[in-house]
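Trainee: I have a new structure to look at, and I would like to learn how to read its sheets and charged pairs. Could you walk me through it?

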Amino acid sequence: DTFRFPGAVTSSAGTILVFAEARSESPHDLDPRRIVVRRSTDAGATWGPIIPIVDPSVDPECDHTDPTPVGPTVGDGADDVLVLFRSCGQLGSSRSSDDGVSWSDRENLDFKSTGDLTDDVAGRLRSGPAHGIELTTGDAAGRLVFSTDITQGGETLTQLILSDDGGLSWRIGAHHRSDDAAGPNPDETAITELVDGTIL
């Protein structure tokens, strides 16, 4: 019925992969949702079939939402394509090592408590949606960075999550607590790396 939250990445082979949240009944947030991708090997002139990231027969009662891809180019996981998404109430990931043709089973991201984030909160983060980035400048070049958030009551916790091994392990980076009374209460954030290495 509806495709929402598109995110795109170009693989190391030059294939464009466009991810989306497929809503089978309507555009509404509470209707069934799953993550899909389409591939173009000719710079977007033509597109292949819809490929499910998560097999619909796996966890059929769970919704899969907020696809957020990245295409690492250096270090561990170089040339893979990685997509983060929320599934069964947890933040998980899937990986393709064949240029987006097939995808690994979902793996839940595992975080330790840090600052304002208890284990319970960290396990329920939402990624993006949009895309992650691979840093290109300075000592952290090659680091994968994703923006995530979680809403609790009137507060939104927004935080970056980081991987220095191509998405095999993750940790919490910078995070920000906001509330409705104090002004900006962002969610569904997108990030980019500026030319000086600053993350905006």
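Trainee: In what order do the strands of the open sheet with S5 and S8 come?

Mentor: Strands of a sheet pair through backbone hydrogen bonds, either parallel or antiparallel. In this predicted model, one open sheet has four strands in the order S5-S6-S7-S8, with antiparallel pairing. At its edges are S5 (64-70) and S8 (107-108), each of which pairs on one side only.

Trainee: How many bridges pair S7 and S8?

Mentor: Two bridges, in the antiparallel sense, with S7 covering residues 90-96. To find the place, look for serine 93, which stands opposite glutamate 107 in S8.

Trainee: What is the strand order in the open sheet that contains S1?

Mentor: That open sheet has four strands too, ordered S1-S2-S3-S4 and paired antiparallel. Its edge strands are S1 (2-10) and S4 (51-52), and each pairs on one side only. S1 and S2 (residues 16-23) run antiparallel and are joined by seven bridges. There, threonine 10 stands opposite isoleucine 16 in S2.

Trainee: Now the charged pairs. How many salt bridges does the structure hold?

Mentor: Side chains of opposite charge can pair when their charged atoms come close. This structure holds seven salt bridges. One of them joins aspartate 99 and arginine 39, with the closest N and O atoms 3.3 Å apart. Aspartate 99 sits in the loop between S7 and S8 and arginine 39 in strand S3 (residues 33-40), so the pair ties together parts 60 residues apart in sequence.

Trainee: Are aspartate 99 and arginine 39 buried or exposed?

Mentor: Both aspartate 99 and arginine 39 are buried. Next, try arginine 95 and aspartate 80, a salt bridge whose closest N and O atoms are 3.3 Å apart. Arginine 95 belongs to strand S7 and aspartate 80 to the loop between S5 and strand S6 (81-87), so this pair ties together parts 15 residues apart in sequence. Arginine 95 and aspartate 80 are buried as well.

Trainee: Which side chain meets arginine 143 in a salt bridge?

Mentor: That of aspartate 164, at 2.7 Å from N to O. Arginine 143 lies in the loop between S10 (133-134) and S11 (144-152), and aspartate 164 in the loop between S12 (155-163) and S13 (171-179), so the pair ties together parts 21 residues apart in sequence.

Trainee: Why does aspartate 164 count as partly exposed?

Mentor: Because its relative accessibility is 49%, and exposed means over 50%. Finally, look for the network of salt bridges that links Arg143, Asp164 and Arg171.

Terms used:
Residues are numbered from 1 along each chain as its sequence is written. This is a predicted model: local features need pLDDT of at least 70, side-chain atom pairs count only at pLDDT 80 or more; totals for chains, interfaces and linings use all residues. Side-chain values use heavy atoms; hydrogens and water are left out. Two strands pair if DSSP finds at least two bridges between them. A salt bridge is a side-chain nitrogen of Lys or Arg within 4 Å of a carboxyl oxygen of Asp or Glu. Buried means under 20% relative accessible area, exposed over 50%, partly exposed in between (1.4 Å probe, protein chains only).
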